[in-house]
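Have a look at the chain below and turn it around a few times. We'll go through it piece by piece, one spot after another.

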Amino acid sequence: MRISFKTLVNQDLGKVKSQFNSSLLEKLSPPFPKVSIKRFDGIDLEDQFEMELNFGFFKQQWKGKVTRSYEGKETFFFIDEGNKLPFFLKSWKHQHLLLSKNGKTEIVDNITFEGKVFPLTLLLYPAMYLQFLYRKPIYRRLFR
């Protein structure tokens with residue numbers, strides 16, 4: 001399944017890129033499940049991350065790394081892929097794309113994921129959609 005969100009913010013690309021760190025990740029995490037950042041190396045190629053998702057009655061580990069990155073004059077992106085995922089996910093790939101737009105920046109989240117079994121993927125779609133919809137007002141508030 002694929003999800004894509006675009007959010008235009010009022011800061012230039014360089015300023016937005018410089019704030020892609022563990023603090024931003026914590027602010028973008030929705031209230032449920034509670035996310036604890038255990039490791040965040042950064043957004044450069046081969047950087048790794050580890051998170052713990054707390055669902056109340058159980059916890060799940062989520063580990064991954066940056067598998068691609070690119071920086072141009074008006075474009076920056078990095079892709080993180082999960083290599084240890086919560087039990088309900090088979091695959092995860094997230095492209096964080098920043099596009100310069102007349103002194104502003106368009107933040108694009110392109111997510112591709114698959115559940116362990118196809119029906120589960122369909123059930124996960126609304127939850128994943130809401131998780132990333134949650135980010136839009138936060139991006140706008142943080143990058144005024």
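Where does Leu124 sit? You'll find Leu124 in helix H3. Keep in mind as we go that this is a predicted model. Leu124 has a relative accessible area of 11%, and since anything under 20% is called buried, Leu124 gets that label. For a sense of distance, try Pro33: Leu124 and Pro33 are 91 residues apart along the chain, and their C-alpha atoms are separated by 14 Å.

Helix H3 is also a good way into the largest pocket. The pocket has a volume of about 690 Å³, and 34 residues line it. H3 gives the largest share of that lining, with five residues. Plenty of other elements join in, though: helix H2 (22-28), strand S2 (34-40), strand S3 (48-54), strand S4 (59-71), strand S5 (75-84), strand S6 (89-101) and helix H4 (135-142) each bring at least two residues to the lining, as does H3 (118-133).

What sort of residues make up the lining of the largest pocket, by nonpolar, polar and charged? The split is 24 nonpolar, seven polar and three charged. If you want to aim your viewer at the middle, the residues nearest the pocket's centre are Met51, Trp62, Trp92, Phe132 and Arg135.

Take Met51 from that group. Met51 belongs to strand S3, and Met51 counts as buried because its relative accessible area is 10%. From there you can hop to Gly64, which is 13 residues away from Met51 in sequence, with 9.0 Å between the two C-alpha atoms.

Now pick Arg135, another of the residues nearest the pocket's centre. The side chain of Arg135 forms a salt bridge with that of Asp109, at 3.8 Å from N to O. This pair ties together distant parts of the chain, with Asp109 in strand S7 (residues 104-115) and Arg135 in helix H4, 26 residues apart. Are these two partners buried or exposed? Asp109 is buried, because its relative accessibility is 2%, and Arg135 is buried too, because its relative accessible area is 10%.

That pair is one of seven salt bridges in the model. Another one joins Lys59 and Glu52, where the closest N and O atoms are 3.9 Å apart. Here the two ends get separate labels: Lys59 is partly exposed because its relative accessibility is 48%, whereas Glu52 is buried because its relative accessible area is 15%. Then there's the salt bridge between the side chains of Arg39 and Asp41, at 2.9 Å from N to O. Arg39 is partly exposed, because its relative accessibility comes to 31%, and Asp41 is partly exposed at 38%.

Let's finish on the outside. Which residues make the nonpolar surface patch of about 300 Å²? Met1, Phe118 and Leu122 make it. Met1 lies in the segment before strand S1 (2-9), and Met1 is partly exposed because its relative accessibility is 35%.

Methods:
Residues numbered from 1 in each chain as written. Predicted model: local features only at pLDDT ≥ 70, side-chain atom pairs only at ≥ 80, totals over all residues. Heavy atoms only, no water. Patch = residues over 30% accessible without salt bridge, like charges linked within 9 Å, V, L, I, M, F, W, Y side chains within 5 Å. Areas by Shrake-Rupley, 256 points an atom, 1.4 Å probe, with all protein chains shown as cover. Salt bridge = Lys/Arg side-chain N within 4 Å of Asp/Glu carboxyl O. Helix = DSSP H or I, 4+ residues; strand = E, 2+ residues; numbered from the N terminus. Buried < 20%, exposed > 50% of the residue type's maximum accessible area, 1.4 Å probe, protein only. 1 Å grid on protein atoms, 1.4 Å probe; cavity = no way out; pocket = protein on both sides within 12 Å on 5 of 7 lines; lining within 4 Å. Points joined across faces, edges and corners; volume = space filled by probe spheres on them. Nonpolar A, V, L, I, M, F, W, Y, C, P; charged D, E, K, R; others polar.
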